[in-house]
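Please open the model in a viewer and keep the sequence at hand. The stops below proceed by selection, each followed by a description of what is to be found there.

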Amino acid sequence: MPDTSAERPRRIVARREGPLLVEGPVEIELEDGTTVTSDRFCVALCTCRRSRMYPWCDTSHRKHTPAARPASDR
């Protein structure tokens with residue numbers, strides 16, 4: 001059976017308040033030249049740089065959400 005994943009574009013889903021979701025497997029070259037890989041079918045890449053597992057998202061962005069608006073502003 002031919003590998004059709006090489007024939008179609010890789011899908012990346014951008015979220016305004018979250019990570020980039022990338023169809024895997026992936027190989028990522030970091031700024032320092034090191035390479036990290038994942039063979040998962042989908043990976044979440046950190047865009048806020050708060051992740052302790054960078055470049056993988058650990059949902060740290062959720063801890064830094066904007067403050068709730070006062071009831072009078074709703």
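Select Val13 and Leu21 to begin: Leu21, in β2, is the bridge partner of Val13. The model in view is a predicted one. Extend the selection to the whole of β1 and to strand β2, residues 20–23; the two strands pair in the antiparallel sense over 3 bridges.

Keep Leu21 selected and add Ala44. In β5, Ala44 is the bridge partner of Leu21. β2 and β5 run antiparallel and are joined by 4 bridges.

With β1, β2 and β5 displayed together, the sheet can be viewed as a unit. These 3 strands form an open sheet in the order β1-β2-β5, with antiparallel pairing. Its edge strands are β1, residues 12–14, and β5, each of which pairs on one side only. From one strand to the next, the twist averages 20 degrees.

**Along β5**

Remain on β5 and show its side chains. In a regular strand, side chains alternate between the two faces of the sheet. Which side chains of β5 are buried, and which are not? Val43 and Leu45 point to one face and are buried, whereas Cys42 and Ala44 point to the other face and are not buried.

**The β3–β4 hairpin**

Move next to β3 and β4. These strands form a hairpin with 5 residues between them. Select Gly33 in the turn and inspect its backbone: phi is positive, at about 95 degrees. The two strands pair in the antiparallel sense over 4 bridges. Within this pairing, Ile28 stands opposite Val36 in β4.

Show the side chains of β3. They alternate here as well: Val26 and Ile28 point to one face and are buried. Glu27 and Glu29 point to the other face and are not buried.

**Ser38**

Select Ser38, which has its place in strand β4, residues 35–38. Is Ser38 buried or exposed? Ser38 counts as buried because its relative accessibility is 13%, below the 20% limit for that class. A polar atom of the Ser38 side chain lies 3.3 Å from the backbone nitrogen of Arg40. Leaving aside neighbours within four places in sequence, the residues in contact with Ser38 are Pro25, Val26, Val43 and Trp56.

**Trp56 and the nonpolar core**

Follow the last of these contacts to Trp56. Again leaving aside neighbours within four places in sequence, Trp56 is in contact with Val26, Ile28, Val36, Thr37, Ser38, Val43, Ala44, Leu45, Cys46 and Ser51.

Now select Val22, Val26, Ile28, Val43, Leu45 and Trp56 together. These 6 residues make up the largest nonpolar core. The elements that give two or more residues to this core are β3, residues 26–29, and β5, residues 42–45. The buried side chains seen earlier on β3, Val26 and Ile28, and those on β5, Val43 and Leu45, thus reappear in this selection.

**The segment after β5**

Select Tyr54, which lies in the segment after β5. Tyr54 counts as partly exposed because its relative accessibility is 34%. Leaving aside neighbours within four places in sequence, Tyr54 is in contact with Cys46 and Arg49. The side chains of Tyr54 and Arg49 make a polar contact at 3.2 Å. For a further reference point, draw a C-alpha to C-alpha distance from Tyr54 to Leu30: these residues are 24 apart in sequence and 9.7 Å apart in space.

Proceed along the segment after β5 to Arg62, which is also found there. At 58% relative accessibility, Arg62 counts as exposed, the limit for that class being over 50%. What is the distance in space between Arg62 and Gly18, C-alpha to C-alpha? The distance is 8.0 Å, while the two residues are 44 apart in sequence.

**The whole protein**

Finally, clear the selection and view the protein in full. It has 0 helices and 5 strands, and from the N terminus on its elements run β-β-β-β-β. Of its 74 residues, 22% count as buried. The protein exposes about 6400 Å², with carbon and sulfur atoms supplying 49% of that area. Among contacts between residues at least 6 apart in sequence, 18% join residues at least 24 apart.

Technical notes: Residues numbered from 1 in each chain as written. Predicted model: local features only at pLDDT ≥ 70, side-chain atom pairs only at ≥ 80, totals over all residues. Heavy atoms only, no water. Core = buried A, V, L, I, M, F, W, Y, C linked by side-chain atoms within 4.5 Å. Buried < 20%, exposed > 50% of the residue type's maximum accessible area, 1.4 Å probe, protein only. Contact = heavy atoms within 4.5 Å. Areas by Shrake-Rupley, 256 points an atom, 1.4 Å probe, with all protein chains shown as cover. Pairing = 2+ DSSP bridges. Axes fitted to C-alpha atoms, helices over the stretch in contact; angles between N-to-C directions. Polar contact = N/O pair within 3.5 Å; in protein donor to acceptor, adjacent residues only side chain to side chain.
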